[in-house]
Amino acid sequence: MIFKYNSYFDTMYLAIFLPVAIVVYACLPRKNARRVWLLFTSLFFFWCDGKGLLVYILLSTLFMHHGGLWLGRLHDRLSAALKDTPKEEKKALKETYKKKQRWVLAFFIALELGMLVVLKYSGFFVNNLNALMGLFSENTRLLVPHFLLPMGISFYTMQAMSYLFDVYHKKIEPDTNIGRLLLYMSFFPNVMEGPICRWSETAESLWNAERVSYQNLTLGLQRVLWGCIKKIVIADRLNPFVKNVFGGYDKAVDFELVHFDFNAFPGWVIALAAVAFTLQLYAEFSGAMDMALGVGQIFGVKTPENFQRPFFSLSISEFWKRWHISLGAWFRDYVFYPVSMSGPVKKLTGKARKKLGNRFGPLVGGSVALFAVWIFNGLWHGAGWSYIFFGMYHFVLILLGNIADVLMQRFSEKTGFKRDILPVRIFRICRTAVLVVIGELFFRAPTLTQGFAMFGRIFTAFAAKTEEIRWGVDRKDLAVLLFTVGVLFIVSLLQEKGRDVRTRIAGKPVVVRYLFWYAAILFVVIFGAYGAGYIPVDPMYAEF
Amino acid sequence: MKKHTISFVIFVVGLVGLLVLSGFVFIPKNNTAEAGILDVGANGILGEPENTIDTLFVGDSLAYCAFMPLHIWEQTGSTSYVCATDLQQLQYTVEMVEHALSRQTPGVVFMEADAIYRDVSAATLLYSKIYNAFSVFRYHDRWKNLTVKDFTEKQSFTSRDDERGYRRFSDSKPAEVRDYMAPTDEVMPISDLNRELVGQIRDLCVEKGARFVLVSVPSMKNWSMARHNGIAALAESLEVDYLDLNMPGTVEIDWRADTRDRGDHMMYTGAVKVTDYILSYLEENNLLRDHRGDPAYNDWNEALQRVKNKPLT
Amino acid sequence: MDELMELLQELDPEVDFENEEALIDDRILDSLTILALIADIEETFDVTVPAVEIVPANFNSAKAMYAMIERLQEEG
């Protein structure tokens, strides 16, 4: 293999692939050539990861193309037929077509989802089935299948499904051009870790293959650099500490196996590690998004934002509208509303409103839909009980949050207690962050049982025997971390107040700008956690 | 657009300059661990006086566990150095040989062949090119220990390794002999890039007037007949000698006693056997020089005494 | 339109529904409130709001909601 990348922060990607992709693109004079180039680089990028696995994304695209056209043809035939039908028969005709379309949609969704389910979840299901059968007889064991997962399958499958749903609902026109679909599915800056794009938002600007403009180039590169700071300076520097406490998943690449025993740590260290992991995950994932969106901007592509400073959220429900936004939006549009608007749930909502009133009533129907969302959300993150628990944890928190919200509103109406003053807001922000950190502890723990054991230790193990702890970070590392996280916080705060930090920097005089760039690049080069003594960290969200 | 292009070029030139300059700050000013040099044992050769090393060994951990320069000195008064590092990859071997040959004029360079089967990827090659052009990438982590001297001083290497790159291990874990070097006609293939790199090392040696010899030290875990066949074919195509000490009739390794970790690396007693074999090769080919009695080589005698007085661990 | 305004005021008296243009984008209405609102709309205006119609463009302002309701009534 000529090229091999583990992440978008690989030297191979940053120093070779990306510059070549951009420079050639910028030099191509014709739009069609640029499109072909984007498509070629994207497929090449995918091929580098898994050669034959390319066939899966091609199949997905083929199904999507075919399914879309079929649904579109049914729409056309229906509207043609409606013209010559007397009014009283129209309704019946619509019903017949609706039924047909539903079958077509179900068939193609089954194909798309089927590939994902078989490749990603069959191992988990068979394992659990074996455990279940083991209760009854000792000798029946199914062979546990193990598949190589194509890069980004959890992300591009969602894109394919949203396309089919949207065509079915006539939100978008089906596309005859399979090249356009393929680019939408495989665009290399997004394919590994998202964001999950929508056809109506992204496809056009992608296929438009705009020329590289000076502004897009500099703003895009600026964002790439910001992503590097988050990932290489913050996330990777936190990694040794998190790994020492949690142990777990990088063991295979470790030259020396990390001795994993969380019982060696007092509770407060485990709590600290949970905070560190949450920070690492945020820096890593949002950094990868800065990389993806920055590169997208260079090519003139509009990709949806995936993070909106989530740690300023007042509630868990708000948190999920600001963290991994494209996933939450997907579940909202294709699970939450369809479930809550479906016949039975609607009836339930209606009844509940009559009994419980306007405020609590919708909660009942909403909860059913919410439950579906969070089961899927947990499973999407991975085939494992700790992910399902993670989903249920957030489901319960959102549910409680909704009830508490109504109660608090009544309380403040009666007493005049102000929920919007700063101290209360800060309290709510901190409370939300603590709840998120607890969730991430279970998310990161190697197994659910160990997750509970670690969580328990936080409150039971106070013995501060810290001499033997392998911290993985020293005082100087900590200083760099605090400084960089401080910068991240200030930038976030400014953005939260509506200041456009990015264009402000871009608008400074050239000398200031250059000095700024030089300082930022040297900062990553010097303070980045890479090279001798650091084990490269695989991107966390690429596994999902 | 033209204006933008010019300013972009200025920016890049400035950036490259800045990276090179910071490299001067970050590069270690001495070859000691305290000064931040990586691979202290192997880089100890930088502290040896110019043109005093007669024989050079390169390779991975198999090599630094098997070749004993002080033993050669004690027996013959000839000097040698082992530039071997953990999991050495060939592009790094090239660097090691380049550095060594720029200050030393050995008559022979032995290369342990295990590293030839460690595939070098294009990525690794790229990294090492970048790392060599800009030292700041390799030594950036020294920001933790940077002092004022790093900004003002030039490099000067003062540290010498008593064992001359050899690492002594005196605990043994026995290995069970099973299928070791079972005969086969199979030839384990060597990647094109690795072939090319070994060729480069040979050319470097020939250019400096040193004989280049491939050698495999005994290792049950790493060596096989298929690998032997592969390296033998490579040696033939490069027209160099190949000594495979895994082959019967070369060194008699007692696998219950001479290995440090169940057949992977040599321990002290095995290393003596390997080095004795190398000695006989050097003797046969007239590659030994005797420096005993030359006061310029006094440190070798002192090092030998120090090592002998050191308790075995 | 007046009927709609009444519904909205009842739902959350603190919001200025007449002038607010980004009810969804600024997260003023959350998804559960939307569910209640849709139930109200369906009851008052005798329409069915399918899940597809729940997009920010249709709910960002009272004006947009009313336009959607009118459209749904026409389609019948």
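1. Start with how the chains meet. In this predicted model, 2 pairs of chains touch, and the pair with the most contacts is chains A and B. Chain B and chain C, on the other hand, do not touch, and their nearest C-alpha atoms lie 37 Å apart. As you turn the structure, it may help to take the contacts of chain A with chain B before those with chain C.

2. What does chain A bring to its meeting with chain B? On this side, 19 residues of chain A are in contact with 21 residues of chain B. Two helices of chain A, helix 1 and helix 19 (510-527), each supply at least two residues of the side that touches chain B. Helix 19 of chain A gives the most, with 8 residues. Sorted by class, the side of chain A that touches chain B holds 14 nonpolar, 3 polar and 2 charged residues.

3. Now for chain C. Here 11 residues of chain C are in contact with 21 residues of chain A. The side of chain C that touches chain A has 8 nonpolar residues, along with 1 polar and 2 charged.

4. Chain A itself is worth viewing by domain. The domain assignment gives domain 1 (11-211) and domain 2, which is written in two stretches, 214-303 and 464-544. Taken over C-alpha atoms, the centres of domain 1 and domain 2 of chain A are separated by 31 Å. The two domains of chain A do meet: 17 residues of domain 1 are in contact with 15 residues of domain 2.

5. Which elements of domain 1 of chain A face domain 2? Helix 1 (11-27), helix 7 (188-191) and helix 8 (199-208) of chain A each supply at least two residues of the side that touches domain 2. Helix 8 of chain A has the largest share of that side, 5 residues. By class, the residues of domain 1 of chain A on this side divide into 9 nonpolar, 5 polar and 3 charged.

6. Please look next at helix 10 of chain A. Helix 10 covers residues 267-298, 32 residues in all, and reaches 46 Å from its first C-alpha to its last, close to the 46 Å expected at 1.5 Å a residue. Is helix 10 of chain A mostly covered or mostly exposed? Helix 10 is mostly covered, with 27 of its 32 residues buried. After helix 10 comes A:G300, with a positive phi near 75 degrees.

7. Helix 10 of chain A also leads us to the largest nonpolar core. This core has 133 residues, and the members that touch the most other members are A:L164, A:Y184, A:V191 and A:A273. Helix 10 of chain A contributes the largest share of the core, 18 residues. Both domain 1 and domain 2 of chain A are represented, each with at least three residues in this core. A second, separate core has 59 residues, including B:Y81, B:A100, B:L197 and B:L282.

8. One residue of the largest core makes a good place to zoom in. Leaving aside residues up to four places away in sequence, A:V191 touches A:S42, A:F45, A:F46, A:M151, A:G152, A:F155, A:Y156 and A:S186.

9. Chain B mixes helices and strands: 12 helices and 5 strands. Its C-alpha trace spans about 75 × 50 × 35 Å along the principal axes. How does the radius of gyration of chain B agree with that of a compact globule? A compact globule of 313 residues would have a radius of gyration near 20 Å, and chain B has 21 Å, so the two agree. Buried residues make up 37% of the 313 residues of chain B. Among contacts in chain B between residues at least 6 apart in sequence, 82% join residues at least 24 apart.

10. Last comes chain C, with 4 helices and 0 strands. From the N terminus on, the order of elements in chain C is α-α-α-α. The C-alpha atoms of chain C fill a box of roughly 35 × 25 × 20 Å along the principal axes. For 76 residues, a compact globule would have a radius of gyration near 11 Å, and the 11 Å of chain C agrees. Of these 76 residues of chain C, 29% count as buried. Among contacts in chain C between residues at least 6 apart in sequence, 60% join residues at least 24 apart.

How values were computed: Residues are numbered from 1 along each chain as its sequence is written. Chains are lettered from A and ligands numbered from 1 in the order in which they are written. This is a predicted model: local features need pLDDT of at least 70, side-chain atom pairs count only at pLDDT 80 or more; totals for chains, interfaces and linings use all residues. Domain bounds come from an automatic or database domain assignment. Two residues are in contact if their C-beta atoms, placed from the backbone, lie within 7 Å. Ala, Val, Leu, Ile, Met, Phe, Trp, Tyr, Cys and Pro count as nonpolar, Asp, Glu, Lys and Arg as charged, and the others, Gly among them, as polar. The expected span of a helix is 1.5 Å times one less than its number of residues. A residue is buried if 20 or more other C-beta atoms lie within 10 Å of its own, exposed if 12 or fewer, and partly exposed in between; C-beta atoms are placed from the backbone. The radius of gyration is taken over C-alpha atoms; the globule rule is 2.2 Å times the number of residues to the power 0.38. A nonpolar core is a set of buried Ala, Val, Leu, Ile, Met, Phe, Trp, Tyr and Cys residues joined through C-beta atoms within 7 Å.
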